[in-house]
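Please open the structure in a viewer and keep the sequence at hand. The tour proceeds by selection, one stop after another.

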Amino acid sequence: MEWRDEGIVLGTRRHGETSVILEVMTRAHGRHLGMVRGGRSRRMQPLLQPGNRIDVIWRARLDEHLGLYQVEPLELHAARLFDSACAVYGLQTIAGHLRLLPERDPHANLYETLNLLIEHLEDPASAAELVVRFELLILDELGFGLDLARCAATGGSDDLVYVSPKTGRAVSRAAGAPWADRLLALPAFLRRGSGLRADLAAMEDAFRLTGFFFARNVYEPRGLEEPEARLGFLAALRKQLSSPGNGENAA
């Protein structure tokens with residue numbers, strides 16, 4: 001068995017004295033593991049850092065085997081990303097979300113979004129918007145997608161400011177007014193075609209929204225806790241976006 005693809009490094013773990021198990025999000029083969037012989041060498045370690053885009057050849061005797069990776073560099077982002085707490089925690093958060101999906105299931109749209117994310121993770125404002133949109137994509141891939149396009153009560157698409165915690169569907173201001181204290185806030189920048197950017201308060205609402213559905217539909221049923229990396233990412237965002245010179249409208 002053999003195939004060639006490109007991918008983003010998500011992480012590694014030691015295997016034996018000199019090798020590593022490499023985890024890569026590939027374009028056509030999903031999140032895929034393989035062994036890299038000599039992966040702990042001085043030559044290979046910089047190449048196998050999270051965030052790097054690489055060309056991989058995977059070989060195995062049978063499809064269900066772990067297999068061996070042959071790796072070549074395409075874009076080495078890791079050194080740039082490691083200088084930013086938002087980027088480091090953001091990449092760890094994304095990798096954690098991808099691990100919620102079955103290994104080797106192709107998700108080309110997630111790969112393309114991840115590729116875009118890598119380019120902007122050091123910028124807190126851009127990273128925040130992209131990561132929360134990535135979370136919405138993950139929820140959709142897991143079968144728990146939110147419907148933010150039309151009001152659940154009226155079917156209209158105007159003035160959508162809430163999300164029902166029961167259905168995950170948007171609700172307009174007028175229709176939701178009697179139950180406003182029970183509904184989740186829908187930040188304006190998440191509405192389709194809004195063209196708006198987000199301030200810190202809108203970011204808090206957005207991550208509270210996705211966090212609620214991750215907790216109820218994904219973490220709790222699987223007996224998982226919210227990843228520490230996600231908490232670290234949100235803390236880094238708050239620090240960066242509220243610091244002097246940024247302001248809440250920096251995003």
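The stops below follow helices, loops and single residues in turn.

**Before starting**

This is a predicted model, in which local features need pLDDT of at least 70 and side-chain atom pairs count only at pLDDT 80 or more, while totals for chains, interfaces and linings use all residues. Residues are numbered from 1 along each chain as its sequence is written, and side-chain values use heavy atoms, with hydrogens and water left out. Helices (H or I, at least four residues) and strands (E, at least two) are DSSP runs, numbered from the N terminus.

**Stop 1: helix α1**

Select Ala79, which is placed in helix α1 (residues 78-81). Is Ala79 buried or exposed? Ala79 counts as exposed, because its relative accessibility is 60%. The terms are set as follows: buried means under 20% relative accessible area, exposed over 50%, and partly exposed in between (1.4 Å probe, protein chains only). Now add Gly51: its C-alpha atom is separated by 9.1 Å from that of Ala79, although the two residues are 28 residues apart along the chain.

**Stop 2: helix α2**

Select residues 85-98, the 14 residues of helix α2. At 1.5 Å a residue they should span 20 Å, and the end C-alpha atoms are indeed 20 Å apart. The expected span of a helix is 1.5 Å times one less than its number of residues. Colour the buried residues of α2, among them Cys86, Leu91, Ile94 and Leu98. At the start of the helix, display Ser84: one of its side-chain oxygens comes within 3.3 Å of the backbone nitrogen of Cys86.

**Stop 3: the loop between α2 and α3**

Arg104 is found in the loop between α2 and α3. Its phi is near 75 degrees, a positive value in a residue other than glycine. Most residues other than glycine have a negative phi. Arg104 counts as partly exposed, because its relative accessibility is 26%.

His107 lies in this loop between α2 and α3 as well. With a relative accessibility of 10%, His107 counts as buried. Which residues does His107 touch, not counting those up to four places away in sequence? They are Met25, Gly30, Leu101 and Glu141, where contact means heavy atoms within 4.5 Å. The side chains of His107 and Glu141 also make a polar contact (3.0 Å). A polar contact is a pair of N or O atoms within 3.5 Å; within protein, one must be able to donate a hydrogen and the other to accept it, and residues adjacent in sequence count only if both atoms are side-chain atoms.

**Stop 4: helix α3**

Select Thr113 in helix α3 (residues 108-120). Its relative accessibility is 19%, so Thr113 counts as buried. Leaving out residues up to four places away in sequence, Thr113 touches Phe134 and Leu137.

**Stop 5: helix α4**

Select residues 124-141, which form helix α4. The 18 residues of α4 reach 25 Å from first C-alpha to last, close to the 26 Å expected at 1.5 Å a residue. Helix α4 is largely enclosed by the rest of the structure, because 14 of its 18 residues are buried.

Within α4, begin with Pro124. Pro124 counts as buried at 14% relative accessibility. Apart from residues up to four places away in sequence, Pro124 touches Cys86, Leu237, Gln240 and Leu241.

Next, select Leu139, also placed in helix α4. Leu139 counts as buried, because its relative accessibility is 0%. Its contacts, leaving aside neighbours within four places in sequence, include Phe144, Thr210, Phe213 and Val218. Just after α4, Gly143 takes a positive phi of about 95 degrees.

**Stop 6: α4 against α7**

Two packed helices are described by the angle between their axes and the distance between the axes. Add helix α7 (residues 228-241), which packs against α4 at an angle of about 145 degrees, with the axes 10 Å apart. Axes are lines fitted to C-alpha atoms, for helices over the stretch in contact, and angles run from 0 to 180 degrees between N-to-C directions. Show the side chains where the helices meet: Pro124, Ala125, Ala127, Ala128, Val131 and Glu135 in α4, and Arg230, Phe233, Leu237, Gln240 and Leu241 in α7.

**Stop 7: the loop after α4**

Finally, select Asp159, placed in the loop between α4 and β6 (160-163). Asp159 has a positive phi of about 55 degrees although it is not a glycine. Asp159 is partly exposed, because its relative accessible area is 37%.
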